[in-house]
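Me: I'm new to this structure and would like a close look at a single part. Please pick one loop residue, tell me about its surroundings, and then walk me outward to the rest of the chain.

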Amino acid sequence: TLKHGYYACVSYMDAQVGRVLDELDRLGLRERTVIVLWGDHGWKLGEHGAWCKHSNVENDTHAPLLCSAPGQKAVGRHTPGLVEFVDIYPSLCELAGLPLPAHLEGSSFAPLLDAPERPWKKAAFSQYPRGSIMGYSMRTDRYRFTRWLNRDGSEAAHELYDHQNDPQENVNVAERPENKAVVGELTQQMQVGWQAVRAGLAK
């Protein structure tokens with residue numbers, strides 16, 4: 001019953017978006033309007049033995065993000081590029097021809113609207129607490145890596161999920177000997193943070 005209600009909600013919202021797009025077409029504004037649709041988080045429907053959000057797993061941190069902009073070349077295409085909510089504001093600025101403040105952490109994904117397959121960010125970041133510890137999670141093209149840190153900064157635990165072999169993130173493989181080097185590389189990449197992954201995103 002809960003899943004039925006959830007899917008009904010999705011279907012209802014899809015219909016409302018269609019009404020908005022139809023009205024933009026009727027008013028002749030579609031060719032002058034940037035449209036961005038996103039959900040603020042994912043949602044578990046029983047996965048990992050849980051419901052709703054409130055965790056660092058893919059179900060909660062992977063959310064819908066659709067963008068339509070006048071003149072974009074790759075209409076209706078999907079991109080494998082990793083993008084984050086902090087990228088929405090700089091993207092709107094670039095698409096509207098507005099200057100970008102220097103303090104932004106995000107990167108405009110406008111280039112992906114023309115070339116969805118181009119090289120892009122190497123990681124996306126999120127965080128969510130569990131009790132008194134904070135979980136910092138990083139998603140790359142293949143892995144989700146999460147570090148659980150105590151308030152003094154020491155590590156309480158870590159998790160590694162290989163989406164190539166386990167897209168539902170059911171098996172934590174962080175402690176397997178063969179993944180020691182991967183854990184080390186991802187730890188270093190996470191500590192360097194978002195500034196490193198946005199480096200080299202040429203227009």
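**A loop residue and its surroundings**

Reply: Asn-150 is partly exposed, with a relative accessible area of 29%; partly exposed means between buried (under 20% relative accessible area) and exposed (over 50%), with a 1.4 Å probe and protein chains only. This is a predicted model, in which local features need pLDDT of at least 70 and side-chain atom pairs pLDDT 80 or more, while totals for chains, interfaces and linings use all residues. Residues are numbered from 1 along each chain as its sequence is written, and side-chain values use heavy atoms, leaving out hydrogens and water.

You will find Asn-150 in the loop between strand S7 (143-149) and strand S8, the latter spanning 155-162. Helices (H or I, at least four residues) and strands (E, at least two) are DSSP runs, numbered from the N terminus. Leaving aside residues up to four places away in sequence, Asn-150 touches Ile-133, Glu-155 and Ala-156; a contact means heavy atoms within 4.5 Å. For a sense of distance, the C-alpha atoms of Asn-150 and Asp-87 are 29 Å apart, with 63 residues separating them along the chain.

Let's follow the contact with Ile-133. Strand S6 covers residues 133-139 and pairs with strand S5 (residues 124-130) in the antiparallel sense, over seven bridges; two strands pair if DSSP finds at least two bridges between them. Within this pair, Gln-127 stands opposite Tyr-136. S5 and S6 make a hairpin with two residues between them, and in the turn Gly-131 has a positive phi of about 65°.

That brings us to backbone angles. Most residues other than glycine have a negative phi. Beyond S8, in the loop that leads to helix H5 (180-192), sits Glu-169, whose phi is positive, near 55°. Glu-169 counts as buried because its relative accessibility is 2%. Cys-52 is another non-glycine residue with a positive phi, of about 75°. Cys-52 belongs to strand S3 (residues 51-52), and its 28% relative accessibility makes it partly exposed.

Another part worth finding is helix H3 (residues 88-96), whose buried residues are Ile-88, Pro-90, Ser-91 and Cys-93. Their cover includes S1, strand S4 (65-68) and helix H4 (110-114). After H3 comes Gly-97, with a positive phi near 75°.

S1 also takes part in a pocket: helix H1 (2-26) and strand S1 (35-38) each supply at least two residues of the lining of the second largest pocket. On a 1 Å grid over the protein atoms alone, a pocket is an open set of points where a 1.4 Å probe fits, with protein on both sides within 12 Å along at least five of seven lines, and lining residues have an atom within 4 Å of a point. This one holds about 490 Å³, a volume being the space filled by probe spheres set on the points. Among its 17 lining residues, Tyr-6, Val-10, Met-13, Gly-39 and Pro-64 are the closest to the centre. H1 gives the largest share of the lining, six residues.

Finally, step back to the whole chain. The chain has six helices and eight strands, and its C-alpha atoms fill a box of roughly 60 × 45 × 30 Å along the principal axes. Of its 203 residues, 34% are buried. Among contacts between residues at least 6 apart in sequence, 46% join residues at least 24 apart.
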